[in-house]
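Here are my notes after a first pass through the model. Have it open next to you while you read.

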Amino acid sequence: MRLWVYLSVFAALVLMTVLELIIFGQPLPRVVVDLSIIGLAGGKAVLIALFFQHLAYEPRSLSAFALLGIGSVIAFLFLSVYSIIELRFG
Amino acid sequence: MGSHHLPPTSSLRRWLMTTDHKDVGILYLVTSIYFLVVAGVLALVFRLQLAEPGLNFLSPTAFNQAITIHGLLMILFVISPLAFALANYVVPLQIGARDLAFPRLNALSYWLFLFGGVLVIISFFQERTLDVGWTMYQPLTSAFSPYVGVNTGGLGLALLTASVTVSTVNFVVTIFRSRAKGLRLTALPMFTMSVLLTVLMMLYAFPALLAGIILLASDRLLGTVYFTSPEGGAILWDHIFWFFGHPEVYIVLFPALGVMADTLVTFSRRPLFGRRIIISAMVIVALISFLVWGHHMFLTGIHPDVRRAFVVTTIAISLPFDAIFLSFIYTLSKAKIELRTPMLFTLGSIAIFIIGGITGVFLGSIALDYVLRGTYFVVAHFHYTMAGGGLVGLIAGLYYWYPKMTGRMFSEKLGRLQFILTMIGFNMLYFPLFLAWEMPRRVPLYVESLIPLNQVATIGGFVFGASFLVMFWNLLYSLKYGEPAGENPWGAHTLEWMTKSPPPSGNFEGTPAFVDGRLTFVAANGAAGGEMETHLSIWPLMLSLASFVALLGLTTNILVTTAGLGLLAFSVLGFAGERFISREGELGERWPFDRVDRMKLAWWTFISSEIVLFGVILSAYVYVRTASATWPAPGTLFDIGHGAVNTFVLLTSSLTVALALASSRSGSRAGTVGFLAATLALGAFFLFNKYDEWAELFGHGVTFSSGLPASTFFLTTGIHGAHVFAGLLALVYLLVRALRGAYVRDGHETLEYFGYYWHFVDIVWVFIFPLFYLV
């Protein structure tokens, strides 16, 4: 892995964190702010996984392990939170 | 401390230090049978109580403890470990491997399992143990069980999850990377295929249990309010527990399905009908098993859409089972079936499981669930599936591979006698419980009209128990007096039967390979051309013992914990410093991980389980926040400055780890040492900053029990901080070695593996920061 890749990714991560903090202070609808910040966090995680953990250069089968875990967590998060939406807001 | 040769089987040293997969399999077998006896005796005790509703044989609390520990032991310490006893012994043989990929980790997983079980047993003698049912529903367990034994039992389960994680990593790497040349993944023997799917389910299910236990322990020991608050409470626990608990049903069942498939082929002398369909069906079940947990929660008032979705998935998961069992039945059609003892148990298990499966479909219906939930119908159903399908199926496997393990045949007469007693006892015990469907479970009292059914069940319980005594006698007697078995007494075709009984160290006389579908031995197997492999190590036992002592101290005396932690540190260093040699075969099938070395695969497997652990903990946070009517606005409770600084610090530390790796690859010792030291400093600063933040919060009266915002913050950042701390300990070790010149010429992979962990911890923080500070 070339040094400039590590440095570029790091610069992007710092920039995205600064962006999170800037968006946090903007007078935008709460849902826009929240989704933007979570989206940026997801982007940072992907960058770290692809370039610091080198998943971009590994066989897809290795990424599948992690993706299965993420998929099961998303299913858990979605169904468990959705299950109480009516209790909370209904 | 490692040693190359195994002492004789009469030597205690061998059994304390062995890392050979066959020995570890025997240890699992003996220990799971011990727990079977304990859990079985508990069952007989409470069945005696249930023989009459007014019988005061057990006090109500003793009854509750007996049913709870019976369930936990049977599911977690008997059936699954029995499956792993067989898997340990058989899987490397079936795939032509010399051993599991990580023999010391295999021994470690056994000893962690043993000491986890010992903690659960000890909890019985500490005032009162878990007494709320094996599901540990909330807030019963968190707020209304103020007994020290409950803590000890929970810690025993935590140790078990550690064992399962280690074991899972080992089997995944072994099956993917240690197969004989020519043995394609799709051509795996069915037992090994079932074990592979089982460990993949365990990989994603058990971290959820660990997350639940961590939250529960935090509520009980630190005073957080996850399960004692109405916003979290019972439903949050239900989600977490059953997200683990329902896949666990298939985790228990799948190895038995593998046994059934292999024995059907052997004793019907026919290839497995619809083998691809069976494998596809099992894969589908494994995937859907993570989407059915909500059918345990139909009565909790969860959203109707979600209930409907779980009805669909629950009915859907029964369809692949139809395909599996129809294929089994077709395999038998027009076959010349040999009704030997393993086959009898296989056929019996199939018949029993079909009844369990059909009754399970009833419980997938919301309407019927309103009537049947929490009754003995459910008890009967899950015993028909888990005990009938799981345990009875594994007994078939035990008889099937007994000649391979011992070199002796068992008594067919006694085997058949046990089969008859099992079928009579099992059905006498559990079928009446279907008919007693109006009787609430976990209650020792019932209406008088149900006395006959309960008395038949109690008698059946004793008959079923007696069947095991016949098996124990048969297996022990035959160990010495059984007829010599030879290599292949059943005329089977899988690889484990192509070597001596019991197999020698290294398993085969040559290196097995499949060329054009035929088995050949392509080269001498053993140490030729390389260093002798190691088969003995004391450190797995020492590590597990130290963990046991440290955890026991948490519920007895903190000095004991201190001693345990000291022993743990000593053992970790001993483990890391030991020169232990285990080699992968040079010829072998490794698809789809041909370009991934075994350590890398092991690390990614481990990280996958960590994803679920943190995923469930963060989901619990999102859940309680969604359920709460109010929540402090961002920046009002937690200081964004602390969070932002720590984010930049941790991101920078990820860069320095990456640069340390780059330096080691380019041969720069100074760069390697410097960047590792920088990472250590950044990690230490992160923890100091976190400590400062916590101290400020405590100073303002915000503690673990100051409501859900505080509880979730302290617990989540605390677990993350513990991961950072573990990383720092590893960094100290790496730095010391780097100062001595390591990782520069070779061994830079170690830094890469450490990086996987460190970057993962960074990724977790990348989500913690916005979730707790900004949104």
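The points below go from the chains as a whole to helix packing and then to single residues.

1. First, a reminder that this is a predicted model. Everything that follows is computed from it, so please read the numbers in that light.

2. Let's begin with chain A. It has four helices and zero strands, and from the N terminus on its elements simply run α-α-α-α. The domain assignment splits chain A into domain 1 (1-57) and domain 2 (59-90). Taken over C-alpha atoms, the centres of domain 1 of chain A and domain 2 of chain A are 21 Å apart.

3. How does the radius of gyration of chain A fit a compact globule of 90 residues? The globule would come out near 12 Å, but chain A has 17 Å. Put that next to the span of the C-alpha trace of chain A, which is about 55 × 35 × 10 Å along its principal axes. As for burial, 29% of the 90 residues of chain A count as buried.

4. Chain B is another story to tell. Its inventory is 22 helices and two strands. A compact globule with 775 residues would have a radius of gyration near 28 Å, and the 27 Å of chain B agrees with that. The C-alpha atoms of chain B fill a box of roughly 75 × 70 × 45 Å along the principal axes. Buried residues account for 55% of the 775 residues in chain B.

5. Now the helix packing in chain B. Helix α7 (residues 190-222) of chain B packs against helix α8 (residues 233-268) of chain B at an angle of about 165 degrees, with the axes 8 Å apart. Angles over 145 degrees count as roughly antiparallel, so that is what α7(B) is to α8(B). The crossing of α7(B) and α8(B) is left-handed. Sorted by class, the contact of α7(B) with α8(B) has 25 nonpolar, four polar and two charged residues.

6. Helix α7 of chain B also packs with α3(B), here at an angle of about 120 degrees and with the axes 9 Å apart. That angle makes α3(B) oblique to α7(B). This crossing, of α3(B) and α7(B), is left-handed.

7. Two residues in these helices deserve a click. B:Leu86 lies in helix α3 (residues 60-95) of chain B, and B:Leu86 is buried, with 26 other C-beta atoms within 10 Å. What is the C-alpha to C-alpha distance between B:Leu86 and B:Trp401? They are 8.0 Å apart in space, with their positions 315 residues apart in sequence.

8. The other one is B:Val259, in helix α8 of chain B. B:Val259 has 29 C-beta neighbours inside 10 Å, and the cut-off for buried is 20 or more, so B:Val259 counts as buried. For a long-range pair, take B:Val259 and B:Arg590: they are 331 residues apart along the chain, and their C-alpha atoms are separated by 24 Å.

9. On to the backbone. As background, most peptide bonds are trans, and most residues other than glycine have a negative phi. Where are the cis bonds worth a look? One is the peptide bond from B:Gln138 to B:Pro139, with omega near 0 degrees. B:Pro139 sits in the loop between α4 (103-123) and α5 (140-143) of chain B. Another is the peptide bond from B:Ser501 to B:Pro502, which is cis with omega near -10 degrees. B:Pro502 is in the loop between α15 (451-481) and β1 (510-515) of chain B.

10. Last, positive phi. A:His54 has a positive phi of about 65 degrees although it is not a glycine. The loop between α2 (30-52) and α3 (60-82) of chain A is where A:His54 is found. Is A:His54 buried or partly exposed? A:His54 is partly exposed, with 18 other C-beta atoms within 10 Å.

11. In chain B, B:Arg442 has a positive phi of about 65 degrees and is not a glycine either. B:Arg442 lies in the loop between α14 (412-435) and α15 of chain B. With 17 C-beta neighbours inside 10 Å, B:Arg442 counts as partly exposed.

Technical notes:
Residues are numbered from 1 along each chain as its sequence is written. Chains are lettered from A and ligands numbered from 1 in the order in which they are written. This is a predicted model: local features need pLDDT of at least 70, side-chain atom pairs count only at pLDDT 80 or more; totals for chains, interfaces and linings use all residues. Domain bounds come from an automatic or database domain assignment. Axes are lines fitted to C-alpha atoms, for helices over the stretch in contact, and angles run from 0 to 180 degrees between N-to-C directions. Angles under 35 degrees count as roughly parallel, over 145 as roughly antiparallel, 65 to 115 as roughly perpendicular and the rest as oblique. A crossing is left-handed if the near helix is turned anticlockwise from the far one by less than a right angle, and right-handed if clockwise. Ala, Val, Leu, Ile, Met, Phe, Trp, Tyr, Cys and Pro count as nonpolar, Asp, Glu, Lys and Arg as charged, and the others, Gly among them, as polar. The radius of gyration is taken over C-alpha atoms; the globule rule is 2.2 Å times the number of residues to the power 0.38. A residue is buried if 20 or more other C-beta atoms lie within 10 Å of its own, exposed if 12 or fewer, and partly exposed in between; C-beta atoms are placed from the backbone.
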